[in-house]
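User: Please take a close look at the interior of this protein. I want the packing first, then any enclosed empty space.

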Amino acid sequence: MTSEYPVAGRWSAGTDSRDVRSPFDDSVIATVPAFGAEDVVAAVATAKKVMTDAPLATHERAAILDRAALILSERAEAVARDLAREAAKPIGQARVEVQRAISTLTFCAAEARTFTGELVPMDAAAAGVDHLGMVLRVPIGVVGAISPFNFPLNLVAHKVGPAIAAGCAVVVKPASQTPLSALNLARVLFDAGLPMEYLSVVPGSGATVGDALVNDPDVALISFTGSPEVGWGIRAAAPRKRVGLELGNNSPLIICADGNWKAAAAAIRLAGFAHAGQSCISTQRILVDESIKDQFVAELVRQVESLVVGDPMDDATEVSALISRSETDRVKSWVEAATANGAVVATGGTVTEEGHLRPTVLVDADPTDDVCAHEIFGPVVVVRGFTDVKAALAEANDSHYGLQAAIFTKDIDVALWAAQGLDYGGVLINEVPTWRADHMPYGGLRDSGNTREGPGWAIREMTEERLVVIKLGPGPE
């Protein structure tokens with residue numbers, strides 16, 4: 001039976017459908033509609049109309065988001081299990097994602113209540129005397145949200161939540177591999193009181209649904225999370241829209257001789273391998289002072305070999321399948337190419353009986369190898385040594401990405417030097433680059449994107465500034 005999705009203010013199973021399969025064992029877990037461009041047009045038209053005909057007051061938006069956070073917490077286990085099945089995300093990590101989405105909605109509710117414009121001191125200029133100026137923040141219009149497979153609930157919440165807080169209606173295109181979590185979030189929001197016309201979830205291919213969303217003239221803003229190639233292609237195709245991009249990274253982590261390398265190794269155990277390394281800020285390039293490199297590699301290997309690889313629905317599992325067998329083949333081929341070029345496999349590099357890549361530590365890969373130069377998006381980290389911190393900073397910066405980077409050191413001068421010298425959207429000190437809190441400004445430079453996520457920053461992107469000037473009268477006599 002085909003699941004119904006909310007499109008243009010009503011539940012619809014569409015006229016075509018496709019199966020959603022488990023990345024772990026290829027079993028069919030759901031049948032969902034495969035919508036087309038005409039469905040996007042209808043959804044956008046409905047969204048535009050409801051913003052004009054039935055705008056939500058600020059207190060209504062905030063109350064809806066608060067109730068949604070409560071309802072999601074009540075449904076947390078069921079939502080986590082759907083997430084784990086469709087993404088092959090280990091169930092323990094899926095539960096964490098649900099909790100993060102609850103937090104995201106809560107912060108969005110707070111932003112809805114506190115987000116304001118500003119006063120302009122008009123009389124700072126002689127011409128402005130007897131004038132009062134203010135800047136209002138008004139909804140930008142219909143938001144088109146294109147979300148990825150790796151965080152199919154929380155990253156949809158990071159797009160839909162701020163849009164609702166800003167007063168915008170949203171049309172979501174979920175990742176083709178993971179459409180169930182977006183549907184679960186929509187049901188939560190509708191049960192919290194959001195009118196259906198304010199949110200459509202339109203699963204379908206990028207070439208049909210995605211392109212229709214990008215090209216629709218009534219979509220004011222596109223929020224995209226995914227690959228740089230697709231993201232910058234959207235930006236080029238929609239020069240008149242506001243386009244927010246959160247893209248990839250090949251996250252560097254520098255570990256100095258005085259840094260707590262044991263703590264770093266323990267953190268990398270999941271920072272490099274949770275959800276099989278399929279995170280934009282998964283730790284990937286590890287640069288370690290040569291004086292501690294051998295000790296660090298030994299400890300890291302010990303940590304990584306303790307990871308439990310298996311069925312995502314098993315509570316003990318910490319690493320499961322990549323999103324597809326083709327991705328497994330790609331990542332494995334990158335590892336093999338690096339070893340052919342001189343890299344050493346310290347652990348991993350092989351596949352399980354089910355065909356899933358084991359967590360892999362590579363040592364001394366060449367910086368030009370794909371495993372270093374590009375985002376691997378798989379359960380692989382690369383360790384390289386350095387003898388000079390300046391050289392390590394330069395190597396970390398030698399990337400067309402720029403999302404988050406990190407350094408472990410006890411030297412405050414080196415830490416501040418790194419904070420200023422690492423050319424990334426975020427720099428973390430004595431923490432892995434994979435760390436994120438959902439209310440912080442999150443985003444990168446270069447091929448990592450052009451925006452900042454986090455409710456307080458996203459809501460600004462989803463509003464326009466409107467200057468209002470009032471000419472004061474002569475006043476009472």
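**Interior packing and cavities**

Analyst: Start at Leu194. Leaving aside residues up to four places away in sequence, Leu194 touches Leu56, Ile64, Ile164, Leu189 and Leu199. The model is predicted.

Leu194 belongs to the largest nonpolar core, a set of 82 residues. Together with Leu189, Leu199 and Ile222, Leu194 touches the most other members of that core. The top contributor is helix α4, residues 91–114, which gives nine residues. There is also a second, separate core. That one has 41 residues, among them Ala276, Val288, Ile292 and Val331.

Now the empty space. Searching the whole structure gives two cavities of 30 Å³ or more. The largest has a volume of about 130 Å³. Its lining counts 17 residues, and Ser223, Gly244, Thr451, Glu461 and Met462 are the closest to its centre. Four elements each supply at least two lining residues: α5 (154–166), β10 (219–225), β11 (242–246) and α15 (455–461). Of the elements, β11 gives the most, with five residues. The lining of this largest cavity is mixed in class: six nonpolar, five polar and six charged residues.

The second largest cavity has a volume of about 50 Å³. It is lined by 13 residues. Closest to its centre are Gly277, Ser279, Ser282, Gln284 and Phe377. By class, this lining has eight polar, four nonpolar and one charged residues.

Conventions: Residues are numbered from 1 along each chain as its sequence is written. This is a predicted model: local features need pLDDT of at least 70, side-chain atom pairs count only at pLDDT 80 or more; totals for chains, interfaces and linings use all residues. Side-chain values use heavy atoms; hydrogens and water are left out. A nonpolar core is a set of buried Ala, Val, Leu, Ile, Met, Phe, Trp, Tyr and Cys residues joined through side-chain atoms within 4.5 Å. Buried means under 20% relative accessible area, exposed over 50%, partly exposed in between (1.4 Å probe, protein chains only). Contact means heavy atoms within 4.5 Å. On a 1 Å grid over the protein atoms alone, a cavity is a set of points where a 1.4 Å probe fits but cannot get out, and a pocket is an open set with protein on both sides within 12 Å along at least five of seven lines; lining residues have an atom within 4 Å of a point. Grid points are joined across faces, edges and corners, and a volume is the space filled by probe spheres set on the points. Ala, Val, Leu, Ile, Met, Phe, Trp, Tyr, Cys and Pro count as nonpolar, Asp, Glu, Lys and Arg as charged, and the others, Gly among them, as polar.
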